[in-house]
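Hi there,

Here is the structure I promised to send over. Please have a look at it first, and then read on for what turned up.

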Amino acid sequence: MSLYLEHFGLREPPFRITPHTDYFFSGANRGPTLEALIYAITQDEGIIEVSGEVGSGKTMLCRMLLERLPASVDTLYLANPSLSRHDMLGALADELGIESVGKAPHALMRAVQETLIERYAAGKKVVLLIDEAHAMPAESLEEIRLLSNLESKSAKLLQIVLFAQPELDERLAANAMRPLRERITQHFNLSPLKADDIAGYLEFRLHTAGYAGPSPFSAEAISQIAAASQGLSRRINILADKALLAAYTRSSRQVAGNDVASAVQDARFAPLQGAEPADNNGLLWGLTGTLLAVILLILAFTLRTHGPAPESAATTAKPIPARPPGLAEAPAPPANLYFGPLTRKHMEQYAAWIESAPRRHYFLQLLATDAANTGQVEGFIARASEVLDPDELRVYRSSLSGRDRVGVIYGDFPDRETAAAAMLALPESIKAAQPFPRQVSRLR
């Protein structure tokens, strides 16, 4: 859906729904919430809850924490909360670099506690970030309570942050959940963007993607996006992307109300629970030729650019290992998932490097994203190769967090201090991605 990029003078798609930290919008109280979260994690000793509707920006906030927390805080990330109690403990052990296979739950818990004590003795705080916590089974929520009890003589060994939809509060209201509920000492709520914030949000994402000039969205278009999205950033992104595409098919550089009307009909959002449906009187719902033209343009562009796949492609393309050495087995990728030539090359460099890389060495994490974002990864590597030593760029694929993920990393450093110094010396274009040092053991 990037056909309109050149038309609007954009460097990359501005309204992707996959969280990308370059596009973190600090307005609408998001920036202060992030700072308050960082303070709470570094100072507090209870469980923290961050709640918000679907698409309100919880996962983006979680990604920002992974990047912005100080080096004295080790972050663990759990993206698959539907794991059983034992599996969740195993996932936590994997994140801590503990071998979990074949260990009984009590032995695994003891190993986790011993590792946390070691990190505490080394002056480290450890925080566990759990996304989509409202989907956790009751037994896994009970495991969270037990984990929150791990402590030294004077401090908690593990800080826990739960990112969840409002349904979690409903579950915690039950009497059986009282022990966990009373351990939550900080609550943050991500409310939907107000109508006055949406214009600034749209402009921020456009300019981050390279757009120059006044906003292409008319006042009417912004008003309709605000009404139809109900202030949820994911919905705003979807509608803005579709509306830009509709304007492109008209060869217009101005997004009109009609373009948003077509986007709204195509998106078919369900109203939020307890929310009044948006007043869409006056919207022109007829898609007629607009979306049909979009589909035809996409098909024509795809065939012209790629053409049909040759029958011999399977024999000529260099195979990519299902999982590089040192990583847990990743879930089977979608059949149409294709990594570009640069990504494949640097995956091979990673596979060769990880076999002998010392566990206590460090590297710089430059990018982490869902494996399906193949274009984003390929483009990032191309840009990074222009300003960094390509031989030191590596790409890994992992499912340790419960999701199929790809990371771009750089360098091999004997300790954190050397890695931090190298990070400070990075070109500004790479620093903009907010890299951070990680230990090789975290990849295993």
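**Two helices that cross**

Helix α9 (residues 195-208) and helix α10 (residues 219-229) have axes that come within 9 Å and cross at roughly 115°. Please keep in mind that this is a predicted model. Angles of 65 to 115 degrees count as roughly perpendicular, so that is how α9 and α10 lie to each other. Their crossing is right-handed.

Which residues meet where α9 and α10 are in contact? On the α9 side they are Ala195, Ile198, Ala199 and Leu202, and on the α10 side Ile222, Ile225, Ala226 and Ser229. Sorted by type, the residues of this contact are seven nonpolar and one polar, with no charged residue.

**The sheet**

If you turn to the strands, you will find five of them in an open sheet with parallel pairing. Their order across the sheet is β2-β3-β4-β1-β5. β2 (73-78) and β5 (184-190) are the edge strands, each pairing on one side only. From one strand to the next, the twist averages 20°.

For a look at one pair, try strand β3 (residues 125-130) and strand β4 (residues 159-164), which are joined in the parallel sense over four bridges. Within this pair, Leu129 has Val161 in β4 as its bridge partner.

A helix also packs here: α4 (residues 85-95) lies across β2 and β3. The direction of α4 is at about 140° to β2.

Happy browsing, and do write back with any questions!

Best wishes

How values were computed. Residues are numbered from 1 along each chain as its sequence is written. This is a predicted model: local features need pLDDT of at least 70, side-chain atom pairs count only at pLDDT 80 or more; totals for chains, interfaces and linings use all residues. Side-chain values use heavy atoms; hydrogens and water are left out. Axes are lines fitted to C-alpha atoms, for helices over the stretch in contact, and angles run from 0 to 180 degrees between N-to-C directions. Helices (H or I, at least four residues) and strands (E, at least two) are DSSP runs, numbered from the N terminus. Angles under 35 degrees count as roughly parallel, over 145 as roughly antiparallel, 65 to 115 as roughly perpendicular and the rest as oblique. A crossing is left-handed if the near helix is turned anticlockwise from the far one by less than a right angle, and right-handed if clockwise. Contact means heavy atoms within 4.5 Å. Ala, Val, Leu, Ile, Met, Phe, Trp, Tyr, Cys and Pro count as nonpolar, Asp, Glu, Lys and Arg as charged, and the others, Gly among them, as polar. Two strands pair if DSSP finds at least two bridges between them.
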